[in-house]
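Please open the structure in the viewer and keep the selection tool at hand. The tour below proceeds from one selection to the next.

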Amino acid sequence: MVGQSPGEGRAVLLQPFVHQVGGHTSMLTYDEHTICKPLVSQELSFYESLPLAMRQFTPQYKGIVSVHLKKDSLGNLTLIASPSLGQPDSAGGNILLWSSKTQCVPLCALSSCPGKMLLRTDLQYHTDSLLEDANGKQAERKSYNPWGLHCHRQHLNRMSSKHNENKLHQFLLLENVVSKCSYPCILDLKMGTRQHGDDASEEKKARHIKKCEQSTSASLGVRICGMQVYQADTGHFLCRDKYFGRKLSPEGFRQTLRQFLCTGNQLRTELLEPIILRLKALLAVIRKQSSYRFYSSSLLIIYDGQEHKTHGTNPFRVDVRMIDFAHTTFKGSKSNPSSTLYDGPDHGYIFGMENLIKILQSLSEGK
């Protein structure tokens, strides 16, 4: 951010993104339609050279923002974003202004949740009463997935231990792909038979290969690494994390896909056809992307848990989006010009897509 120090300009207090169901990077809410995440040059390179055919299947890239860490007198850590000069603001410059009264989720509150115990259970989660809206009012009471808070807490700890408050960090601004949903039901799928990037150390490579071999990544080319499903009968989200997904057999994977489409009262069979059609459309695009390898990327399947909700004449039915491109490689990538060059499409990714479609088709046939 040229010529500006932290605190100048329009500051935005970044909140944890409460609908983050997977990954390890902290996803933060910038405004209603925009999230942000720490910038990785390889991911930025992907978004800057994104093939036109893929744009409907990825979040819209909205620019870069500078972020700095702030600590209050009680030791609570917050992240403050200041739009970079020359970068496009999200929502056409209509940036949310936060008053000093607006509460962030303090680190001490997050620390009171025993991380692994909380994350490894699949029972309902409690409302985080600290989240407020822009007017300082209590947000509507819902249950939240704890995974994003876990990632946020770890991220704040890393930043505070490594950097002083004045250091500026670059974050990517991306479309919030669930902003149209009242109750976002999200399935986060790690795609492909290989998860390590070309830059992985031998130790990391071995670790990822073992995870793939011991999970459905090897047998199906896809594994579950996060899920939340709104349960209309209880008013809570049912949550699953990556540890749950790693232990699933192919049959367990199939049963969890079915569970993802069950909102407590009924199986949402009407969603199967639109999901399958969108997956087939994405598969056709992936088959044409020569040299791309989407290592460690995820595929989100999204629908609104509020049944029969319509937005005017266009009911929001389902969405499918690719996310997380920090290890994606392709010919001509600016961030990684000397990386291994691959020919043809990503066959590991295609294998996973084909199996996913087959399983969903079997569910639609009542098998």
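Begin by selecting Lys37 and Glu43 and displaying their side chains, which are joined by a polar contact of 3.1 Å in this predicted model. Add Asp324 to the selection: its side chain makes a polar contact with that of Lys37 as well, at 3.0 Å. Lys37 lies in strand β3. Is Lys37 buried or exposed? Its relative accessible area is 5%, so Lys37 counts as buried, the limit being under 20%.

Next, display the surroundings of Lys37. Leaving aside neighbours within four places in sequence, Lys37 is in contact with Thr25, Ser26, Met27, Glu43, Phe171, Leu172, Leu174 and Asp324. Of these, Thr25 may be picked for a distance label: its C-alpha atom is separated from that of Lys37 by 7.1 Å, although the two residues are 12 apart along the chain.

**The barrel around β3**

Now extend the selection to the strands. β3 belongs to a closed barrel of 6 strands, which runs β1-β2-β3-β6-β4-β5 with antiparallel pairing. On average, neighbouring strands of this sheet are turned by 45° against each other, direction ignored. With the barrel still displayed, select helix α4, residues 147-162, which packs on the sheet and touches β1, β2, β3, β4, β5 and β6. The direction of α4 makes about 85° with that of β5.

The pairings can then be followed strand by strand. In general, strands of a sheet pair through backbone hydrogen bonds, either parallel or antiparallel.

- Select β1 and β2: they run antiparallel and are joined by 2 bridges. Pro16 stands opposite Leu28 in β2.
- Select β2 and β3: here 3 bridges join the antiparallel strands. Thr29 has Ile35 of β3 as its bridge partner, and the two strands form a hairpin with 2 residues between them.
- Select β3 (residues 34-38) and β6 (residues 169-175): these run antiparallel and are joined by 5 bridges. On this side, Ile35 stands opposite Leu174 in β6.

**A covered hairpin**

Move to strand β9, residues 236-241. How many of the residues of β9 are buried? The strand is mostly covered, with 6 of its 6 residues buried. Colour His236, Leu238 and Arg240 in one shade, since these point one way from β9, and Phe237, Cys239 and Asp241 in another, as they point the other way; all are buried.

Add strand β8, residues 222-231, which pairs with β9 in the antiparallel sense over 6 bridges. Val229 has Leu238 in β9 as its bridge partner. The two strands form a hairpin with 4 residues between them, and in its turn Gly235 has a positive phi of about 80°.

**Two serines with positive phi**

Most residues other than glycine have a negative phi, and most peptide bonds are trans. Two serines may be inspected with this in mind. Select Ser291, which is not a glycine and yet has a positive phi of about 80°. Ser291 lies in the loop between α9 (272-286) and β10 (293-294), and it is buried, with a relative accessible area of 8%.

Then select Ser296, where phi is positive at about 70°, again in a residue that is not a glycine. This serine is found in the loop between β10 and β11 (298-304). Ser296 counts as buried, at 14% relative accessibility.

**The nonpolar cores**

Which residues have the most contacts inside the largest nonpolar core? They are Leu189, Leu279, Leu299 and Leu360, within a core of 65 residues. Select Leu360 and display its contacts: beyond its neighbours within four places in sequence, it touches Leu257, Leu261, Leu272, Ile275, Ile276 and Leu279. A second, separate core has 15 residues, including Leu28, Tyr30, Leu79 and Met159.

**The whole chain**

Finally, clear the selection and view the entire protein, which has 10 helices and 13 strands. Buried residues make up 53% of its 367 residues. Among contacts with a separation of 6 or more, residues 24 or more positions apart account for 77%. With the surface switched on, the protein exposes about 16800 Å², of which carbon and sulfur atoms supply 50%.

Note on methods:
Residues are numbered from 1 along each chain as its sequence is written. Side-chain values use heavy atoms; hydrogens and water are left out. Buried means under 20% relative accessible area, exposed over 50%, partly exposed in between (1.4 Å probe, protein chains only). Two strands pair if DSSP finds at least two bridges between them. Contact means heavy atoms within 4.5 Å. Accessible areas come from the Shrake-Rupley method with a 1.4 Å probe; for residues, only the protein chains shown count as cover. Axes are lines fitted to C-alpha atoms, for helices over the stretch in contact, and angles run from 0 to 180 degrees between N-to-C directions. A nonpolar core is a set of buried Ala, Val, Leu, Ile, Met, Phe, Trp, Tyr and Cys residues joined through side-chain atoms within 4.5 Å. A polar contact is a pair of N or O atoms within 3.5 Å; within protein, one must be able to donate a hydrogen and the other to accept it, and residues adjacent in sequence count only if both atoms are side-chain atoms.
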